[in-house]
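Work through the two exercises below with the sequence and the model open. Each task is followed by a solution in steps.

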Amino acid sequence: MKTLIAEAEKVRELAHTPYSNFKVGAALRTTSGKIFTGCNIENAAYPVTCCAERVAIFKAISSGETNFKEMAVIADTKRPVPPCGSCRQVMSEFFDPSMKVYLTNLSHDIKTVSV
Ligand code: THU
């Protein structure tokens, strides 16, 4: 869990957020032990923006990985940040319902939830 959160924190710095200035990082571990990371990438056409979670999931899927073990999501918030509806929809299609998702912030308060 610690490594995954550290990876999410690191990739968060790469977020492209000129419109919201709200950086999010995500890290996804496959059952084979690989880690795929993602940050949010915004666009002036705002709905085209892709959240950190979906960037990580799509990187993994497009690399041929379809079995996932756990995911960490990090943002600079008081309370750990919950994924948006679109990300939850994608998670529900690719993750096992019991898969653990660690929601955390820069103070490393961790809320563990399942899909
Ligand atoms: N965002 C994420 O990347 N993940 C979340 O779980 C919540 C929201 C992004 C989308 C947008 O770039 C910014 O945060 C503000 O909503």
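A disulfide is a pair of cysteine sulfur atoms within 2.5 Å. The model is predicted: local features need pLDDT of at least 70, side-chain atom pairs count only at pLDDT 80 or more, and totals for chains, interfaces and linings use all residues. Residues are numbered from 1 along each chain as its sequence is written, and side-chain values use heavy atoms, without hydrogens and water.

**Exercise 1.** State how many disulfides a search of the whole structure finds, and explain the result for Cys84 and Cys87.

Solution.
Step 1. The search of the whole structure gives zero disulfides.
Step 2. For Cys84, the closest cysteine sulfur is that of Cys87, and because the two sulfurs are 3.8 Å apart, they are too far for a bond.
Step 3. For Cys87, the closest cysteine sulfur belongs to Cys51, at 3.8 Å, again too far for a bond.
Step 4. Cys87 is buried (under 20% relative accessible area, with a 1.4 Å probe and protein chains only), at 0%. Cys84 is partly exposed (between 20% and 50%), at 30%.

**Exercise 2.** Identify polar contacts of the ligand (pairs of N or O atoms within 3.5 Å), and describe the shell by class.

Solution.
Step 1. An N or O atom in the side chain of Glu42 is 2.5 Å from a ligand oxygen.
Step 2. The side chain of Asn40 places an N or O atom 2.9 Å from an oxygen of the ligand.
Step 3. Ala52 contributes a backbone N or O atom, 3.0 Å from a ligand oxygen.
Step 4. The shell holds seven nonpolar, three polar and two charged residues; Ala, Val, Leu, Ile, Met, Phe, Trp, Tyr, Cys and Pro count as nonpolar, Asp, Glu, Lys and Arg as charged, and the others, Gly among them, as polar.

How values were computed:
A polar contact is a pair of N or O atoms within 3.5 Å; within protein, one must be able to donate a hydrogen and the other to accept it, and residues adjacent in sequence count only if both atoms are side-chain atoms.
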